[in-house]
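Reader: I'd like to learn how to read local features and helix packing from a set of coordinates. Can we work through an example together?

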Amino acid sequence: MINLELPRKLRASANQAHQVAAEIMRPVSRKYDLAEHAYPVELDTMAAMIEGMSDAGGEIGGAKGGREAKGDAPKPSKTPNANGGNMSALVNVIETCWGDVGLTLSIPYQGLGNSAIAAVATDEQLERFGKVWASMAITEPSFGSDSAAVSTTAVLDGDEWVLNGEKIYVTAGERSTHIVVWATVDKTKGRAAIKSFVVPRDAPGLSVARLEHKLGIKASDTAALLLDNCRIPKDNLLGSPDVDTDKGFAGVMQTFDNTRPLVAGMAIGVARAALEELRSILTDAGVVIDYDAATYSQSAAAAEYIRLEADWEAAYLLALRAAWMADNKEPNSLQASMSKAKAGRSATDITLKAVELAGTLGFSEHLLLEKWSRDSKILDIFEGTQQIQQLIVARRVLGKTSAELK
């Protein structure tokens, strides 16, 4: 029988993350939504707490979940069933995004680039970059979802790589201490030559071109970066420097198998916040939600709420499965995309429907419902759009290659 109760260790970590969300994030959520690009100084108080949790094997923001899946194996248990870094990261990011998605993305030393480092770095690189704040730079002006179309170049010059190109929509691109940049080392060899590089913030040739003005997650800075003959040490190339035309760029793509369930967790967290707020509003309005009664015998609002709650539960279970598979060394590319697609769509549906059912109260800034609906939209876009996730799922289910099914 499947037991979906969280183990004691994960519950303790999630409870701590929830306290951070409730006591630090929620009180300043509207403040930084209205003050776009202002650095949330309240998060600085979390730095010591995050470092302590990291040393103990947990993450408040959840961005480093892939390390245990790639590096140190989970400790042997009596049964072949381990809950490691990925599961811990998932349950924690659900809680912090219940507090605020933009602030979660702004937590120091918890950037999405940390997942890339954890997924593909060597042991020596993990030692060097294990405690940096790393954002991830993939998208360029000429492409979005097609990660294989990277045109930023990396040329080896003696003991240094020289990077040239432009990256856009880089989350925490201005505030992070390092950026994981995707670049090609040989354009003639296609996607096989795409590698990821760790670029320090103070690297010569790296600059911030602009910060984007956005619909949601305004507490998080989203930057456009320029790499103009940017020089970094030779050993800042993550993983193997060899171009393997058989495996393509599976190494860098492995990052998504770890980060997509985390983005699903972000969507699950903000959707749960909206459901809880909506439940309170409906209860105050005298709406009775009866789980034992048939849908047709309940009010339209109650029936709709039960539908939304069931949709949320499905997204939550898919994300748990994807994270569990990563922790147990099982290939989870299909499940990671399924969880991301389901959670992204569910979150936008749930938050928008909550605004609708709450009426003028939901549309006003008196509550955070309208903010959550704006924040949720990006979760159906970044780390692979809804359409891309469906395409990946279709390829896996039908056994088609990317060339056969576009």
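Reader: Let's start with Arg396: how exposed does that residue count as?

Author: This is a predicted model, so keep that in mind throughout. For exposure, the cut-offs do the work: under 20% relative accessible area is buried, over 50% is exposed, and anything in between is partly exposed. Arg396 comes out at 44%, so it counts as partly exposed. You'll find Arg396 in helix α13, which runs over residues 386-398.

Reader: And which residues does Arg396 touch, leaving aside those up to four places away in sequence?

Author: Ser333 and Leu334. Sequence separation is worth a look here: Leu334 is 62 residues from Arg396 along the chain, yet their C-alpha atoms are separated by 6.3 Å.

Reader: Which residues of α13 are buried?

Author: Gln386, Gln389, Ile392, Val393 and Arg395.

Reader: How do I check the length of a helix such as α13?

Author: Compare the end-to-end C-alpha distance with what a rise of 1.5 Å a residue would give. The 13 residues of α13 reach 18 Å from first C-alpha to last, close to the expected 18 Å. You can repeat the exercise on α10: its 26 residues should span 38 Å, and the end C-alpha atoms are 37 Å apart, which agrees.

Reader: What comes just after each of those two helices?

Author: A glycine with a positive phi, in both cases. Gly399 follows α13 with a phi of about 70 degrees, and Gly359 follows α10 with about 65 degrees.

Reader: Which residues have a positive phi although they are not glycines?

Author: Ala172 and Lys329 are two to look at, each with a positive phi of about 60 degrees. Ala172 is in the loop between β3 (160-171) and β4 (178-184), while Lys329 lies in the loop between α9 and α10.

Reader: Are Ala172 and Lys329 buried or partly exposed?

Author: One of each. Ala172 is buried, with a relative accessible area of 2%. Lys329 counts as partly exposed, at 45% relative accessibility.

Reader: Now helix packing. At what angle do the axes of α9 and α10 cross?

Author: Read the axis separation and the crossing angle together. Helix α9 (residues 300-327) and helix α10 (residues 333-358) have axes that come within 9 Å and cross at roughly 155 degrees. An angle over 145 degrees counts as roughly antiparallel, so α9 is roughly antiparallel to α10. The crossing of α9 with α10 is left-handed.

Reader: What kinds of residue make up the contact of α9 with α10?

Author: It divides into 13 nonpolar, three polar and seven charged residues. On the α9 side the contact includes Leu308, Trp312, Leu318 and Met325, and on the α10 side Ala336, Met338, Ile350 and Leu357 are among them.

Reader: Where does Ala336 sit, and which residues does it touch, not counting those up to four places away in sequence?

Author: Ala336 is in helix α10. It touches Phe256, Asp257, Arg260, Pro261 and Ala322. Ala336 is buried, with a relative accessible area of 0%. For a view towards α13, take Gln389: it is 53 residues from Ala336 along the chain, and the two C-alpha atoms are separated by 8.9 Å.

Reader: How do α10 and α13 cross?

Author: Their axes come within 9 Å and cross at roughly 145 degrees, and the crossing is left-handed. Ser333, Leu334, Met338 and Arg345 are among the α10 residues in this contact, and the α13 residues include Gln389, Ile392, Val393 and Arg396. By class, that contact has six nonpolar, five polar and three charged residues.

Reader: And which way does α10 run relative to α12, parallel or antiparallel?

Author: Roughly antiparallel. The axes of α10 and helix α12 (residues 369-377) come within 8 Å and cross at roughly 160 degrees, again with a left-handed crossing. Among the residues that meet are Thr348, Leu352 and Val355 in α10, with Leu369, Trp372 and Ser376 in α12. That contact has seven nonpolar, four polar and two charged residues.

Conventions: Residues numbered from 1 in each chain as written. Predicted model: local features only at pLDDT ≥ 70, side-chain atom pairs only at ≥ 80, totals over all residues. Heavy atoms only, no water. Buried < 20%, exposed > 50% of the residue type's maximum accessible area, 1.4 Å probe, protein only. Contact = heavy atoms within 4.5 Å. Axes fitted to C-alpha atoms, helices over the stretch in contact; angles between N-to-C directions. Parallel < 35°, antiparallel > 145°, perpendicular 65-115°, else oblique. Left-handed = near helix turned anticlockwise from the far one by under 90°. Nonpolar A, V, L, I, M, F, W, Y, C, P; charged D, E, K, R; others polar. Expected span 1.5 Å × (residues − 1).
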